[in-house]
Amino acid sequence: MYSPFNAALVSHYRSVESVAVIGACGFISTLQNLFFGGISVGFGICLCECAGSENKRTLPEGVTAALLSVAVLFVLGIVLALFTRPILNLLQVNNRLIGEAVPYASVVLAGSGAYVLKNTLIWLLQAGKETGRSGFLSAAGVVTQTALTILLVGVLQLPVWASAAAVICNNLLIAAAAALMILHRMAGGSLLVDPRTIPGEVWGRLLRSGLSKSLLKLFSACSGFFTSRLINTC
């Protein structure tokens, strides 16, 4: 739902070229959704399995391992953002758009960790059978993200990269709301353990689940790279 709203808002407040920038960088956004989104789905499935375990310590171990992994993905997203220009060159983004495309795509990639954090915490709510709250947060995110885009692009008149920054801000906002719901449900309890006490089996299950989902999604998107290059040459 957010994508058409975002395109309309950027077109209204900025320019047709700014909308073209979003389209030219579309494959990067798709890769983020598939790779980092796939990892978060895998993490979520693992957390649901941990929640169903008879061992009450398994869930805190899984949550701790997942959050530490998310921290690594925050760093990975920022590192990828440093290579935005070569990636856009591979995608054959037009020189007319490259000036706006580089900061936009950099912000998109830098926000990958926030995207995984939001999804993982929403999955954790589902693992605790809070499906109503997780669904509410997902739906509310469309509204808050649109409002943030209006604020940054419309009111503050920032360039097109601000629409990607609105996504990061929104993901952090929804993640914070999910964390508060989880803490309220715990009523003083803790879902974290000493990382040094987490068994290798938990780490292995988490990483296998996350990587298998992300790689499956990446394989399904391989043809999109060539399609994007073809479109960007037009």
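**Helices, contacts and backbone angles in a predicted model**

Thr146 is buried, because its relative accessible area of 15% falls under the 20% cut-off for that class. The model it belongs to is a predicted one. Thr146 sits in helix H8, which covers residues 131-155. Its side chain has a polar partner in the backbone: a polar atom of the Thr146 side chain lies 2.8 Å from the backbone oxygen of Val142. Both Val142 and Thr146 are among the buried residues of H8.

The rest of helix H8 can be read around this pair. Its buried residues include Ser134, Leu137 and Ala140, and further along the list come Gln145, Leu148, Thr149, Leu152, Val153 and Gly154. Gly141 is also buried, and it marks the place where H8 bends by about 25 degrees. How far should the 25 residues of H8 span at 1.5 Å a residue? The expected figure is 36 Å, and the end C-alpha atoms are 35 Å apart, so the two agree. Just after H8, Gln157 takes a positive phi of about 60 degrees.

Helix H3 allows a similar check. It runs over residues 26-51 and has 26 residues. From its first C-alpha to its last it reaches 36 Å, close to the expected 38 Å at 1.5 Å a residue. H3 has a kink of about 25 degrees, centred on Gly37.

Two residues of H3 show what this helix meets elsewhere in the chain. Gly38 lies in H3 and counts as buried, because its relative accessibility is 0%. Setting aside residues up to four places away in sequence, Gly38 touches Asn33, Gly210, Lys213, Ser214 and Lys217. Val93 is not in that set of contacts: Gly38 and Val93 are 55 residues apart in sequence and 26 Å apart in space, C-alpha to C-alpha.

The other residue is Ile28, also found in helix H3. Is Ile28 buried or exposed? At 4% relative accessibility, it counts as buried. With residues up to four places away again left out, Ile28 touches Ile87, Leu88, Leu91, Ala105, Val108 and Leu109. Asn171 is 143 residues from Ile28 in sequence, and their C-alpha atoms are 18 Å apart.

Helix H6 can also be described through its packing with helix H2. Two packed helices are described by the angle between their axes and the distance between the axes. For H2 (residues 16-24) and H6 (residues 95-110), the angle is about 65 degrees and the axes are 9 Å apart. The crossing is right-handed. On the H2 side, the residues that meet H6 are Glu17, Ser18, Ala20, Val21, Ile22 and Ala24. Their partners in H6 are Arg96, Leu97, Glu100, Ala101 and Tyr104.

Helix H4, residues 58-81, holds Glu61. Which accessibility class does Glu61 fall in? Its relative accessible area is 6%, so Glu61 is buried. Its side chain makes a polar contact of 2.9 Å with the side chain of Arg57. Apart from neighbours within four places in sequence, Glu61 is in contact with Val193, Thr197, Ile198, Pro199 and Val202.

Phe74 is found in H4 as well. At 26% relative accessibility, Phe74 counts as partly exposed, because that class lies between the 20% limit for buried and the 50% limit for exposed. Phe74 touches Gly113, Ala114, Leu117 and Leu172, not counting residues up to four places away in sequence. One of these partners, Leu117, is 43 residues from Phe74 in sequence and 8.9 Å from it in space, C-alpha to C-alpha.

The remaining points concern backbone angles in loops. Most residues other than glycine have a negative phi. Gln92 is not a glycine, yet its phi is positive, at about 55 degrees. Gln92 is in the loop between helix H5 (84-90) and H6, and with a relative accessible area of 30% it is partly exposed. Lys129, again not a glycine, has a positive phi of about 65 degrees. The place of Lys129 is in the loop between helix H7 (112-127) and H8. Lys129 is exposed, because its relative accessible area of 75% is over the 50% cut-off.

Technical notes
Residues are numbered from 1 along each chain as its sequence is written. This is a predicted model: local features need pLDDT of at least 70, side-chain atom pairs count only at pLDDT 80 or more; totals for chains, interfaces and linings use all residues. Side-chain values use heavy atoms; hydrogens and water are left out. Helices (H or I, at least four residues) and strands (E, at least two) are DSSP runs, numbered from the N terminus. Buried means under 20% relative accessible area, exposed over 50%, partly exposed in between (1.4 Å probe, protein chains only). A polar contact is a pair of N or O atoms within 3.5 Å; within protein, one must be able to donate a hydrogen and the other to accept it, and residues adjacent in sequence count only if both atoms are side-chain atoms. The expected span of a helix is 1.5 Å times one less than its number of residues. The bend at a residue is the angle between axes fitted to the seven residues ending there and the seven starting there. Axes are lines fitted to C-alpha atoms, for helices over the stretch in contact, and angles run from 0 to 180 degrees between N-to-C directions. A crossing is left-handed if the near helix is turned anticlockwise from the far one by less than a right angle, and right-handed if clockwise. Contact means heavy atoms within 4.5 Å.
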